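Take a slow turn around the model below before you read on. Then follow the text one part at a time.

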Amino acid sequence: MNLEEYKGVYVFAQQVDNVINNIAFELVGKGKDLAEALGTEVTAVLVGSGVKDLADQLAEYGADKVIVVDDPELKEYRTEPYAHALASVINKYKPEIFLVGATAIGRDLGPRVSARIHTGLTADCTQLDIGDFPLAPVPGKEQKHNQLLMTRPAFGGNTIATIACPDFRPQMATVRPGVMQKRARQAGVKANVEEFNPGFTPDHKYVEILEVVKAVANTVDIMDAKILVSGGRGMGSPENFKMLEDLAEVLGGQVSCSRAVVDAGWKPKDLQVGQTGKTVRPNVYFAIGISGAIQHLAGMEESDIIIAINKDESAPIFDVADYGVVGDLNKIVPALTEKLRAEIAKNN
Amino acid sequence: MKVVVCIKQVPDTKGGVKFNPDGTLDRAAMMTIMNPDDKAGLEAALRLKDQYGAEVTVLTMGLPKAEDVLREAMAMGADKGVLVTDRVLGGADTWATSQTLAGALRNMDYDLIITGRQAIDGDTAQVGPQISEHLNIPVISYAQSLKIDGDSVIVERQYDDRYHVLKAKMPCLITALAELNEPRYMTPGGIFDACKAEITVWGRADLKDVEDSNLGLKGSPTQIAKASDKVRKGAGEKVNLDPAESVDYIVGKLKEKHVI
Amino acid sequence: MDFTLRKEHEMARALFKEFAEKEVKPLAQEVDETEVFPRGTVDKMAKNGFLGIPVPKEYGGQGCDPLTYVMCVEELSKVCGTTGVIVSAHTSLCCDPIMTFGTEEQKQKYLVPLAKGEKLGAFGLTEPGAGTDAQGQQTKAVLDGNEYVLNGSKIFITNGKEADVYVIFAVTGMIEKRGKMIKEISAFIVEKGMPGFTFGTKEKKMGIRGSSTYELIFTDCRVPQENLLGKVGQGFKIAMHTLDGGRIGIAAQALGIAEGALERTIAYTKERKQFGRSIASQQNTQFQLADMATKVQAAQLLVYKAAMAKATQKEYGFEAAQAKLYAAEVAMEVTTKAVQLHGGYGYTREYDVERMMRDAKITEIYEGTSEVQRMVISAALLK
């Protein structure tokens, strides 16, 4: 493998029902940072059926180029034709970096593609940098420059590892949604589109789709919220979440929750923050009656401001909170809502 | 019908995480368990045994002590256990692990291979799909239900906002979610039988059609640059005031940070 | 001599512990409060083979040894004394005598479904005028054609109304022994639903409140002759042999209760602060815990030794009596100290040790009081 042949940062632009997923814009944004560090460009790979029109959106968020693989076989996501599409793009264009969102689709597709083209894949990354490998010079070992350093949590969020792929290309990573920042949209930018179709011939690896069942669409996605008011087991009952809804409403935020709350059946899983739920990074995160199990912290500690209210002063949530308030949430939260309502009315 | 379930022995990270005095993870002190997604995959296979008389073999790669997890699976009802262990296989990333398991699977009869979606120590979800690629068979990951239809499997495959009902011809590989089912317990008699049972132990020489350059640490494309315990953002302020003062404190901070 | 457990015992303990934590512990307080028999738990135990642990596989059991069975009762009792005694009474007092004294037909008909957990077992010896003194038996069985006709009643019967199969003792005549006329006692397998077999009042108890303790009433109850267990007149021997095994089960229950109380007390004293420091940092607490833990360990060794004796020896009444005597007294002492170390909270139903102290008391009483165990032990010493 001649590593020098591989150039450019490529990202998989995931779309479902011809709507581009937010992760695609996040990857374009991060890909742009990496491309700038390497003095190269970021290319989005858009795969689907009738998706060409979507390419401009990717350009608006910073994609220098968009490769469109458009074929009727690609209408609904299936592992094999999508893996064939990406593997063919990689074999033809030889990117040095290839990023895929760590979504349910991306974490199925990434491993199949990396195994097909024989390269390494680092899962569920939360940080990507360009740097040296090994990080510091090691006697007797060549230190390679301009490597992709992929950082990810492991052991349920207890450890963190930085991984490189020095001898194979492309350097592949799946990237956790909600972690990378997308760039500001430049409305009206037109995409530099290149169409490519490697040909799709169904074989035994093409599974048959018997049915597509859509779950009820979420009204809100907590990953998009600027302010989250999150409740834990300490709320005591599902009825008490009314207090949080009132507080969220005053601040224009959303309610989310910890795993204990979902396990108790008080709130649906799509509101769960944490290792097995969603990773959020709002401007303000209120952790109310949440003790702060490590799995929960993994999903919210990147929030800009964390405010915790808990009656147990030794709760681990206080170890990550910017502002910790020890006290009875039943007394504090309603009073806080009223006070904020008054303050905001005064400002308007 | 023959089903092979790939299982992994993992440290129990839920609740039982222990640290050394210097703050690093104390792996030796942590209990080991059968990886939860793998256990769901095993339960799915055992249900195929109950329903169709499938023969269930469990396969693991690891240190010799990983034999314990095979015995646990057999105490739940698996028929056979195969342990792949060899020094040259150590330090493998997901590429090399999937190559190893594929090399073992080429020596086994199977209609269906089931793996867990991901292991709780690595959380990669990569080994299952990679095995299927090496064996050139279809994969359906994230299975939330599984049934047999003639020479095919029908699987509900979960995505974020939907699921697909997919049909794949066997042989194929399924990755299971812990939500797939509620795994059964071992039985006391199953434990006694499993402790007497013979476990098949394979080394490097027993792997079929795999090159040395794809195995172990040397065969791993990804390399660890740095590993450390997660450094958390330090604690900020903590106050213990009466409720009215607490409210004033929070409002003051929100103003200071221009949130309101 | 080696005190390390074999692999299968370690795995079995892990299994029982996991089951107890997940399936039994969450219900323990409710079972005690409501005094409702935990049928759902029994069904789950049946499905997982917990109701036939020491029964050979050819009779529907798990083919394990008495030690495995003891560990099951121990781990269940750590979280719920009621659940522990349900398994103990079923296994030791009903499966065991049928396995030991039953004919092949009786084993196929009764032991197989009992061991599979399709049926639940109970044992009826005690009467208002006859506890340990079997000669006080009033229940009579008279052969009429090819059926025995039973009349009388049994009290304090564990699994009373919930069981399906009962081993019942009754007087079948008088015989001469050393120049004295004594009652001839025989054992019978009686099924729920046999004509003339009904239930009396349910006991309201201090502890193990979810176990179904009933009076059994036999009014011209007709039992087929083939349900005679063992030979005519063998009843006393069957009863005594069965109780030797049963005592090991109760000893395991007592051990489990003591261990459960100790575990909770260790956790509580580390957590609870008084005068600015944890109770555990005070020497009185430390010494109390040290004594409790040492006695619990000694009890465990005696109980496991009795279980091993049952596996390897023809007679094990002496070991069983020592295990039960000591484990029961340790259970009472340890739970009492546990309540004391919990202070006022320990006296409330919010904390498990309150229930455990009530549950512990019965282990000093049933299947032979501590006084009876002392009689058995001293008789062996002085013979």
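The paragraphs below go from one chain to the contacts between chains, and then to the cores.

Keep in mind that this is a predicted model. Start with chain A. Its secondary structure comes to eight helices and 18 strands. How compact is chain A for its length? Its radius of gyration is 23 Å, and the globule rule gives 20 Å for 348 residues. The two values are close, so chain A is as compact as a globular protein of that length. Its C-alpha trace spans about 65 × 55 × 45 Å along the principal axes. Of the 348 residues in chain A, 53% are buried. Now look at contacts with a separation of 6 or more in chain A. Residues 24 or more positions apart account for 65% of them.

One strand of chain A shows burial well. Strand β17(A) covers residues 305-310. Five of its six residues are buried, so the strand is largely enclosed by the rest of the structure. Strand β16(A), residues 284-288, pairs with β17(A) in the parallel sense over five bridges. Within this pair, Ala287(A) stands opposite Ala308(A).

Next, see where chain A meets chain B. Here 75 residues of chain A are in contact with 67 residues of chain B. Several elements of chain B supply at least two residues each to its side of this contact, including α3 (94-105), β7 (139-149), β12 (223-229) and α6 (243-256). By class, this side of chain B has 31 nonpolar, 17 polar and 19 charged residues. Strands pair between the two chains as well. Strand β10 of chain A, residues 159-164, and β12(B) pair in the antiparallel sense over six bridges. Find Ile163(A), and you will see Ile224(B) of β12(B) opposite.

A sheet also draws on both chains. It is open, has ten strands and shows mixed pairing. The order is β13(A)-β9(B)-β8(B)-β7(B)-β10(B)-β6(B)-β1(B)-β4(B)-β5(B)-β11(B). Which strands stand at the edges? They are β13 (208-214) of chain A and β11 (200-202) of chain B. Each has a single partner strand, so one side of each is left without a neighbour in the sheet. From one strand to the next, the twist averages 30°.

Look inside this sheet. Strand β6(B), residues 112-116, pairs with strand β10(B), residues 172-176, in the parallel sense over five bridges. There, Ile113(B) stands opposite Leu173(B). Helix α1 of chain B, residues 36-52, lies across β1, β4, β6, β7 and β10 of chain B. The helix runs at about 150° to β6(B).

Now bring in chain C. Its contact with chain B takes 14 residues from chain C and nine residues from chain B. Helix α1 of chain C, residues 7-34, gives the most to the chain C side, with six residues. By class, that side has six nonpolar, five polar and three charged residues. Helix α5(B), residues 188-196, is worth finding here. Its buried residues are Pro188(B), Gly189(B), Gly190(B), Ile191(B), Phe192(B) and Ala194(B). They pack against α2 (67-76) of chain B, and also against α1 and α3 (66-79) of chain C.

Stay in chain C for one residue. Arg247(C) sits in helix α6, residues 235-271. Is Arg247(C) buried or exposed? A residue counts as buried if 20 or more other C-beta atoms lie within 10 Å of its own. Arg247(C) has 30 within that distance, so it is buried. Leaving aside neighbours within four places in sequence, its contacts are Ala320(C), Ala321(C), Lys324(C), Glu367(C) and Gly368(C).

Finish with the nonpolar cores. In soluble globular proteins, nonpolar side chains tend to be buried together. The largest nonpolar core here has 253 residues. Those with the most contacts inside it are Val11(A), Val45(A), Leu58(A), Val303(C) and Ala327(C). Helix α8 of chain C, residues 317-342, gives the largest share of this core, 14 residues. Another core, of 50 residues, lies apart from it. Among its members are Met235(A), Met243(A), Tyr285(A) and Ala293(A). Return to Val11(A) in the largest core. Not counting residues up to four places away in sequence, Val11(A) touches several residues, among them Ala24(A), Leu27(A), Val45(A) and Leu99(A).

Notes
Residues numbered from 1 in each chain as written. Chains lettered and ligands numbered in written order. Predicted model: local features only at pLDDT ≥ 70, side-chain atom pairs only at ≥ 80, totals over all residues. Contact = placed C-beta atoms within 7 Å. Helix = DSSP H or I, 4+ residues; strand = E, 2+ residues; numbered from the N terminus. Nonpolar A, V, L, I, M, F, W, Y, C, P; charged D, E, K, R; others polar. Buried ≥ 20, exposed ≤ 12 C-beta atoms within 10 Å, placed from the backbone. Pairing = 2+ DSSP bridges. Core = buried A, V, L, I, M, F, W, Y, C linked by C-beta atoms within 7 Å. Axes fitted to C-alpha atoms, helices over the stretch in contact; angles between N-to-C directions. Rg over C-alpha atoms; globule rule 2.2 N^0.38 Å.
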